[in-house]
Amino acid sequence: MASLYLLIPIAIMLVCVAVAVFIWAVKSDQFEDLDRQGTEILFDEETPIKKKKDEH
């Protein structure tokens with residue numbers, strides 16, 4: 001029973017920290033463009049490096 005007096009405030013503090021991080025992420029537009037990262041991997045915009053013919 002004595003451990004609950006320690007664990008409950010720790011759990012409440014962790015929940016408050018998680019809520020604060022979530023609110024920060026929403027306010028800093030972390031969730032604005034969720035589709036860009038998923039489609040960015042499909043398109044290769046970099047040109048491949050061509051090897052020189054005289055190299056062995």
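Patches here are made of residues with over 30% relative accessible area and no salt bridge, with like charges joined within 9 Å and nonpolar side chains (Val, Leu, Ile, Met, Phe, Trp, Tyr) within 5 Å. A salt bridge, in turn, is a side-chain nitrogen of Lys or Arg within 4 Å of a carboxyl oxygen of Asp or Glu. The model is predicted, so local features need pLDDT of at least 70 and side-chain atom pairs pLDDT 80 or more, while totals for chains, interfaces and linings use all residues. Residues are numbered from 1 along each chain as its sequence is written, and side-chain values use heavy atoms, leaving out hydrogens and water.

On to the fold: the protein chain has two helices and zero strands (DSSP runs numbered from the N terminus; helices are H or I of at least four residues, strands E of at least two). The 26 residues of α1 should span 38 Å at 1.5 Å a residue (counting one less than the number of residues), and the end C-alpha atoms sit 39 Å apart, which agrees. UniProt, in an unreviewed entry, annotates residues 6–26 as "transmembrane region"; such annotations may be inferred rather than shown by experiment. That span is 100% helix, with its end C-alpha atoms 31 Å apart.

As for the surface, about 6100 Å² is accessible (Shrake-Rupley, 1.4 Å probe), and 66% of this belongs to carbon and sulfur atoms. Just 2% of the 56 residues count as buried (under 20% relative accessible area; exposed is over 50%, partly exposed in between). A nonpolar patch of about 1100 Å² includes Met 1, Tyr 5, Ile 12 and Leu 14. Leu 14 lies in α1 (residues 2–27) and is exposed because its relative accessibility is 58%.

Just after α1, Asp 29 takes a positive phi of about 60°. Most residues other than glycine have a negative phi. Asp 29 belongs to the loop between α1 and α2 (34–40).

Key
Buried < 20%, exposed > 50% of the residue type's maximum accessible area, 1.4 Å probe, protein only.
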